[in-house]
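Q: I would like a close look at a single part of this model, with each term explained where it comes up.
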Amino acid sequence: MKKLINDAGDVVREALEGVVRSTPGAALVEGTTVLVRTDLPTDQVAVLCGGGSGHEPAHAGYVGPGHLAGAVCGEVFASPSADAVLSGIRAFRDHPGVLLVVMNYTGDRLNFGLAAQLARAEGIACEMVTVADDVALDADDDVTAGRRGLAGTVLVTKAAGAAAADGASLEEVTRTAREAASAVGTMGVALSAATVPTAGEPGFVLDADQIEIGLGIHGEQGVRRESLRPADELVDEVLDTIRADRGFGEGDRVAVLVNGTGATPPMELSILLRRALEHLDGRGVTVERAWAGTFLSSIDMAGFSIAVLGLDDERLARLDAPARSAAWPSGSGVVAGGVPTVPDAAGEATAAGPSGVAAPEGMRATVEAVCAAVRDAEPHLTELDTATGDGDLGTSLSRGADAITEELDSYRWDDAVAVLQGLAATLRRAIGGTSGPLYATGLLHAAEHLADGGSWATALQAGADGVSDLGGAKAGDRTMLDALLPAASALASSGSVSDALEAAREGAASTETMAPRRGRSSYLGDRVQGHRDAGAEAVTVWLAALAM
């Protein structure tokens, strides 16, 4: 187990110390893991939430004006004690009342419920709302402990916190939370399990192609195990289940929360949100607010959940109300109708006149052969680049080959210079990163060389020089030039593409023992030894196609 911790028994306390020192107006109740606001106006109801830790940023990350007044944090995946909850309630004994928002887990219900009773016995007005938004479980199932509380809880506490900040009474704040809890449905999917620090190993093991459907937030398995499917299909299944359970249909207004479970990249969450909006739009459901991010996690679990909250004007206003808690994305979430675009402002290129350099017979077939070779080599190039770079070379060059193939009919095949210029323009558009501009400039320099009366035998040298000038690399730097430069020299000397290929292969092989001085591999030092440079290997791929 690799965790950035000190001692497994100290993670909650140390984490809260970090949170409280960066949360203005917050403090820890002495001797506890209870974080409370010290700046809550005395005429406001205090909204508290909590439960086991390991769900960060929930719940301490939502403590702040317009949101929670405090968070009662237990050990990882373990309910806090009733005494800890009571300490949080007592911190607001001089306020109009305290609302506890609790996720539907047995330990949380018991400890928060007992604390509420004890607080009322002390004369503190205290209410409790339980959130059970997990639609993966049957609401009437008497075999399980009932529906669990999931990420929809974050929307419930936001609405309740906004009502409290607006000066609502305890009764009104409680009503706001209870109605929001009844209007939200959530369902989760896991790609991997969470690892509890004290356990030191994942709660369950999935094969590379397996996922868990319909899981809670405490590392438990889902209601069933399936094979991984495309993101769109998973989103459709989750939203079909939520819509059927909560009755969302045409004409309804909703807010959507796409939540990462701890180890899911923002890029993937945005892909999920995109599909969620498409799905609901296609069924006549109006999404008025939507967010994607990690709002309530399960430590380091990879996966997601989607919460859908039914809206009316009042609830929408509660979600929109400002909140200065660290983890709530205030001011965001407004959904555009469709994907906004603006026209491409690039000026139209002026077509150059004929160069007078005739294209060699079969040039189109040769270009097609090069594209096919590059596509076939994608796995090999990706493997090489993963070992010493960022792993994108194979897919980048394959994407360029696909773009060239799509635009074959647009090139002027009677003019060699125009073809090279067209290929450069295609690659410039299709490939970003490093490869796109380098290949584009190489083709442009070769085209300029031909237009100035140069020969095909020396055009590769002109292209290689252009690559060197743009990228700043030279022979021996462990780059594509270590294959390209010897190939160009051999071609200029003999005019044989086969000779150029042989020189390129020798140059690519020599990179296995070179010290990197350019590109991402330069950060790896001796760890690249024994690995061939992927860019140099790519040169051998397309030269082999030219030599056929």
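Which helices are included in what covers the buried residues of helix 15?

A: The cover over the buried residues of helix 15 includes helix 14 (456-471), helix 16 (497-510) and helix 17 (534-547), where contact means heavy atoms within 4.5 Å. This is a predicted model, in which local features need pLDDT of at least 70 and side-chain atom pairs pLDDT 80 or more, while totals for chains, interfaces and linings use all residues. Residues are numbered from 1 along each chain as its sequence is written, and side-chain values use heavy atoms, without hydrogens and water.

Helix 15 itself spans residues 481-494, helices being DSSP runs of H or I with at least four residues and strands runs of E with at least two, numbered from the N terminus. From its first C-alpha to its last, this helix of 14 residues reaches 19 Å, close to the expected 20 Å (1.5 Å times one less than the number of residues). Its buried residues are Leu-481, Asp-482, Ala-483 and Leu-484, followed by Ala-487, Ala-488, Ala-490 and Leu-491 (buried is under 20% relative accessible area, exposed over 50%, partly exposed in between, with a 1.4 Å probe and protein chains only).

Helix 14 packs against helix 15 at an angle of about 155°, with the two axes 8 Å apart (lines fitted to C-alpha atoms over the stretch in contact, with angles from 0 to 180 degrees between N-to-C directions). The two helices are therefore roughly antiparallel to each other, a term for angles over 145 degrees. Helix 14 brings Trp-456, Ala-457, Thr-458, Leu-460, Gln-461, Ala-464, Asp-465, Val-467 and Ser-468 to this contact, and helix 15 brings Leu-481, Leu-484, Leu-485, Ala-487, Ala-488, Ser-489, Leu-491 and Ala-492. Leu-481, Leu-484, Ala-487, Ala-488 and Leu-491 thus appear both in this contact and among the buried residues of helix 15.

The flanks of helix 15 also deserve attention. Arg-478, in the loop between helix 14 and helix 15, has a positive phi of about 65° although it is not a glycine, and Arg-478 is buried, with a relative accessible area of 1%. Most residues other than glycine have a negative phi. After helix 15 comes Gly-495, whose phi is positive too, near 75°.

Elsewhere in the model, Ile-299 likewise has a positive phi, of about 55°, without being a glycine. Ile-299 sits in the loop between strand 11 (286-293) and strand 12 (303-310) and is partly exposed, with a relative accessible area of 21%.

Methods. Parallel < 35°, antiparallel > 145°, perpendicular 65-115°, else oblique.
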